Structures are given as C-alpha cells and as structure tokens.
Amino acid sequence: MGLIYTLRALIKSFLVVVLWSKCEGRESEYNYVTCGSLVKLLNTRHNVRLHSHDVKYGSGSGQQSVTGVESADDANSYWRIRGKPNGTCQRGVPIQCGQAIRITHMTTGRNLHTHHFSSPLSNNQEVSAFGENGEGDDLDVWRVQCDGSIWERDEAVRFKHVGTDAFLSVTGEQYGNPIRGQREVHGMGTANQNNYWKAMEGVFILPSQEPLRHHHEEL
C-alpha cells in the first residue's frame with residue numbers, strides 16, 4: 001500500500017510542478033511553499049534534513065522513527081505539504097503563516113506526528129511518522145510560524161504542534177545502529193534556534209494550469 005500511495009502522489013505531483021534547483025525566469029515569481037509541494041526540510045542550526053524510514057522506535061510509542069540526516073541526496077527525506085484533516089488546502093495555493101498543515105512522508109505515506117512519549121536520546125517529546133496512506137489522527141497537525149503572511153521558500157520557519165504546543169526541533173543527539181549517525185528529531189516546549197527549518201530541494205506545485213518542468217535526477 002505504501003508503494004501505491006507513493007506512485008499515486010508522484011504522478012499527481014508532475015502534473016503542474018516547478019523544481020527548486022536551477023530555477024530561472026518565470027519560476028522566480030513563485031518563491032513560496034504551496035499546498036501539495038514535495039520538499040526536503042533542513043534544520044538550519046544542525047544542518048540536517050528531516051528524514052524517516054520504515055524503522056520503528058525500540059521504546060516509547062514503537063511507531064516509525066523520524067530523524068535528521070546530513071545527506072542532501074536521500075529520497076527518504078521528501079515530505080509532502082498537505083492541509084489538515086477536513087481542512088481546505090487547494091493544490092498550488094501558498095501556505096499562509098499560521099496555517100495548520102500536515103507533513104506527509106513521501107516513501108511511507110505516514111504523517112509527521114508527536115505525542116506525550118519521551119524521545120529516546122534527549123527525553124524531549126518523541127516525534128514519529130504515523131498513519132497509513134496519508135491518514136492518521138489529530139496529532140498529525142502542525143502550524144507554520146513565519147514572519148510575514150506567506151511561507152517563503154528561502155525563509156527559516158518553525159513548526160508548532162497544534163495538539164501539544166511543541167516545536168519540531170533538533171539538538172544534535174546521534175543514534176547508534178541501525179541508524180548510526182542520524183540525529184534525533186523531537187518536540188521542545190520553547191522556541192529557540194534548534195527549531196528553525198528551511199525548504200530546500202523539492203517539487204513545488206504552482207497556482208497555474210501551465211506546467212513548468214525541470215529535470216531532477218532523484219525524482
């Protein structure tokens with residue numbers, strides 16, 4: 001089911017897309033993150049990208065683990081920006097600062113999630129990937145915090161969890177095997193430099209019926 005979800009999502013993505021890298025000309029007008037975009041999110045303090053994989057936590061919830069990785073080339077670091085359950089998020093429409101969204105892992109179809117379990121390394125709040133085929137529960141919802149009115153693609157933003165008020169964060173703790181060297185991602189109750197994220201590589205959906213396409217080796 002996860003493979004079917006991924007293939008379906010990719011096919012939809014390529015209907016109307018613009019890629020982040022090597023954008024020129026008209027694409028420069030679209031300097032914001034939009035609903036339906038497929039992105040990698042970089043923690044700007046620790047220089048790691050938000051990542052997941054079909055590896056479960058050995059403690060806490062036992063759900064799919066979420067980590068930070070230094071590599072920019074790992075396909076398991078792509079996340080889709082979606083609306084909250086039963087909410088309106090029209091494909092290609094810019095994400096507003098303060099908007100509630102879901103962040104769905106491309107490869108496994110599970111949503112970025114947090115809850116009142118302790119994270120395994122730092123004893124902050126565990127962050128996991130939860131649900132099936134993009135559908136989980138109310139604890140999958142995050143609010144985008146940014147300075148202006150729209151989430152700009154070159155802006156560092158925060159993600160504040162709607163259900164628990166925790167900020168998506170990295171403070172540098174590293175795992176051992178089987179995910180040696182990957183960083184712990186967790187929720188923190190305070191806003192600080194550890195919870196800034198920036199959209200990097202990806203497929204950005206345009207608010208237009210005219211497809212703008214660029215080659216991207218990973219996709």
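Which residue of β12 does Q125 stand opposite? Keep that question in mind while working through this predicted model; the tour returns to it once strand β12 has been selected.

**The whole chain**

Begin with the whole chain in a cartoon view, where the secondary structure comes to 1 helix and 13 strands. Followed along the sequence, the pattern starts with α and then runs through the β elements, one after another, to the end. Of the 219 residues in the chain, 52% are buried. If you display contacts with a separation of 6 or more, 68% of them are accounted for by residues 24 or more positions apart. Switching to a surface view shows about 9800 Å² exposed by the chain, with 48% of that area supplied by carbon and sulfur atoms.

**Strand β12**

Select residues 183-188 next, which form strand β12; 6 of its 6 residues are buried, so the strand is largely enclosed by the rest of the structure. With side chains shown, R183, V185 and G187 point one way from β12, while E184, H186 and M188 point the other way.

Now add the strands that pair with β12. Strand β11, residues 167-174, pairs with β12 in the antiparallel sense over 5 bridges, and within this pairing L168 has G187 as its bridge partner in β12. Strand β8, residues 125-130, is also antiparallel to β12, and the two pair over 2 bridges. Here the opening question finds its answer, since Q125 stands opposite G187 in β12. Strand β4 runs antiparallel to β12 as well and is joined to it by 2 bridges, with G68 standing opposite R183.

**Salt bridges**

Stay with R183 and show its side chain together with that of E70, because the two meet in a salt bridge at 3.0 Å, N to O, and R183 is buried with a relative accessible area of 12%. This pair links distant parts of the chain, as R183 belongs to strand β12 and E70 to the loop between β4 and β5, 113 residues apart. The two ends differ in their surroundings: R183 is buried at 12%, whereas E70 counts as exposed at 55% relative accessibility.

A search of the whole structure finds 7 salt bridges, and two further ones are worth selecting here. In one of them, the side chains of E135 and R82 meet at 3.3 Å, N to O. E135 lies in the loop between β8 and β9 and R82 in strand β5, so this pair ties together parts that are 53 residues apart in sequence. E135 counts as partly exposed at 48% relative accessibility, while R82 counts as buried at 14%.

In the other, E132 forms a salt bridge with R110, the closest N and O atoms being 3.0 Å apart. E132 lies in the loop between β8 and β9 and R110 in the loop between β6 and β7, so parts that are 22 residues apart in sequence are tied together. E132 is partly exposed, with a relative accessible area of 45%, and R110 counts as buried at 15%. Add D54 and K56 to the selection, and you have the four residues D54, K56, R110 and E132, which are linked in a network of salt bridges.

**The disulfides**

Next select the cysteines, as the structure holds 2 disulfides. One of them joins C35 to C89, with 2.0 Å from S to S, and this link is right-handed, with 135 degrees about the S-S bond. C35 lies in the loop between β1 and β2 and C89 in the loop between β5 and β6, so the pair ties together parts that are 54 residues apart in sequence. C35 counts as buried at 4% relative accessibility, and C89 counts as buried at 19%.

The other disulfide is formed by C97 and C146, whose sulfur atoms are 1.9 Å apart; with -120 degrees about the S-S bond, this link is left-handed. It connects distant parts of the chain, C97 in the loop between β5 and β6 and C146 in the loop between β9 and β10, 49 residues apart. C146 is buried, with a relative accessible area of 16%.

**A last stop at S77**

Finally, select S77, which is found in the loop between β4 and β5 and counts as buried at 1% relative accessibility. The side chain of S77 makes a polar contact with the side chain of H51 at 3.0 Å. Beyond its neighbours within four places in sequence, S77 is in contact with several residues, including V39, R49, L50 and V69. To end, draw a line from S77 to E201: these residues are 124 apart in sequence and 9.7 Å apart in space, C-alpha to C-alpha.

Notes: Residues numbered from 1 in each chain as written. Predicted model: local features only at pLDDT ≥ 70, side-chain atom pairs only at ≥ 80, totals over all residues. Heavy atoms only, no water. Helix = DSSP H or I, 4+ residues; strand = E, 2+ residues; numbered from the N terminus. Buried < 20%, exposed > 50% of the residue type's maximum accessible area, 1.4 Å probe, protein only. Contact = heavy atoms within 4.5 Å. Areas by Shrake-Rupley, 256 points an atom, 1.4 Å probe, with all protein chains shown as cover. Disulfide = S-S within 2.5 Å. Polar contact = N/O pair within 3.5 Å; in protein donor to acceptor, adjacent residues only side chain to side chain. Pairing = 2+ DSSP bridges.
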